[in-house]
Amino acid sequence: MPCMTKRFGIIGCGMIAGFHAQAIKAAGGSLTACFDTRADAADKLAQQQAGCKPYHALDEFLADKNIDIVTIGTPSGAHLEPALAAAKAGKHLIVEKPLEITLERCNQIIKACKENNVLLSTIFHSRFHDSSLLLKAAVDSGRFGRLALGDAIVKWYRTQEYYDSGAWRGTWELDGGGALMNQAIHTIDLLLWLMGPVVEVTAHTALLAHERIDVEDTAVATVKFVCGALGTIVGTTASYPGYLKRIEINGSKGSAILEEEDIVRWDFAEKLPADVAVQEAMANRKSGGGGAADPSAINYAGHAKLFANMIAAIDGKEKLVVDGLEGCRSVEVILAIYQSAKTKQTVQLPL
């Protein structure tokens, strides 16, 4: 007997809600409801999405029996309260990155979902791209030999108008940080997924090109991984005109570079027949500019695959790729970078 279509509700009807709506449809789900503290935002999204009922009160939204899964796209530091309420209401949860802006708040969400027997996923859609999966398989199979270096590089650009467009932008209370916590976090998550956990961080952060914000627009960190490899994390929103994000993996038997969603270098001492397809893809790059200069220019295909993974997990067909604990990993490293920059000392992370 076929599984019933999963019904979604969206909390937070800003720009990201449009991507969630597209991803829900592409994943085979249906959007049945939305909620925002701004009534006009909920009404506008509902008007754009057929069959979507707008709510202006969170308790009424969560009481809707036609919602199986809730996605949360509020400002980062405002994920906790709706997440706890949704879990208590028995709704499965998909939370935009970061899961929350402190580990304590992240853990509260994880605990609530466990206690209420609902699934929790964090939106790190880059893990679902074919190129990311190829890199992961190459690392796991030992093709790189001894891992030596792993670098995450995000040199993006955001205008002053971007930060001025919302009072919450660029604040510690609701953004949780700047170029790292808001923009580079997807690439940091991917680096950790590929290279493994980080045990040591030394960092510098600065506010160099923007005004009226409290957080960094530029950061540089050196890291040491559990596997013994070293690496760097570079993030900025002060690099005009904005360049594609990069992951670089180097080892004793191979090196590879991922630029946005495309593999641009794939060099291994031991060649495999499957490498031919990678080389052909390199010659026919398809990635656009991503979010390098325009935060609305992202692709929702990865979101759709993550949403489909949640649906399959609810039906018992797959395990969640990015559960709550996975969603904490990048937050932990970013917070360690902030601590190192503030104290001007190297920070050790627990194993």
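Student: I'd like to start with two aromatic residues. Are W266 and F268 buried or exposed?

Tutor: Good place to begin! W266 is buried, and F268 is buried too. Keep in mind that this is a predicted model.

Student: How do I read the ring pair that W266 and F268 form?

Tutor: An aromatic pair is described by the distance between the ring centres and the angle between the planes. Here the centres of W266 and F268 lie 4.9 Å apart with the planes at 75°, so the pair is edge-to-face.

Student: Which aromatic pair does F144 form with F268, and what is its geometry?

Tutor: That pair is edge-to-face, at 5.0 Å centre to centre and 70° between the planes. F144 sits in the loop between α6 and β7, F268 in strand β13, so to speak distant parts of the chain, 124 residues apart. In total, the structure holds eight aromatic pairs.

Student: Where does β13 stand in the sheet?

Tutor: β13 (262-268) is an edge strand, as is β14 (347-348), and each pairs on one side only. The open sheet has eight strands, ordered β13-β12-β11-β7-β10-β9-β8-β14, with mixed pairing.

Student: And how do I read two packed helices?

Tutor: Two packed helices are described by the angle and the distance between their axes. For α5 (residues 103-115) and α11 (residues 324-343), the axes come within 10 Å and cross at roughly 175°. The two helices are therefore roughly antiparallel to each other.

Student: What kinds of residues make the contact of α5 with α11?

Tutor: Seven are nonpolar, two polar and one charged. Among them are L103 and I110 of α5, and L325 and E332 of α11.

Conventions. Residues numbered from 1 in each chain as written. Predicted model: local features only at pLDDT ≥ 70, side-chain atom pairs only at ≥ 80, totals over all residues. Heavy atoms only, no water. Pairing = 2+ DSSP bridges. Helix = DSSP H or I, 4+ residues; strand = E, 2+ residues; numbered from the N terminus. Axes fitted to C-alpha atoms, helices over the stretch in contact; angles between N-to-C directions. Parallel < 35°, antiparallel > 145°, perpendicular 65-115°, else oblique. Contact = heavy atoms within 4.5 Å. Nonpolar A, V, L, I, M, F, W, Y, C, P; charged D, E, K, R; others polar. Phe/Tyr/Trp six-rings, centres within 6.5 Å; stacked < 30°, edge-to-face > 60°. Buried < 20%, exposed > 50% of the residue type's maximum accessible area, 1.4 Å probe, protein only.
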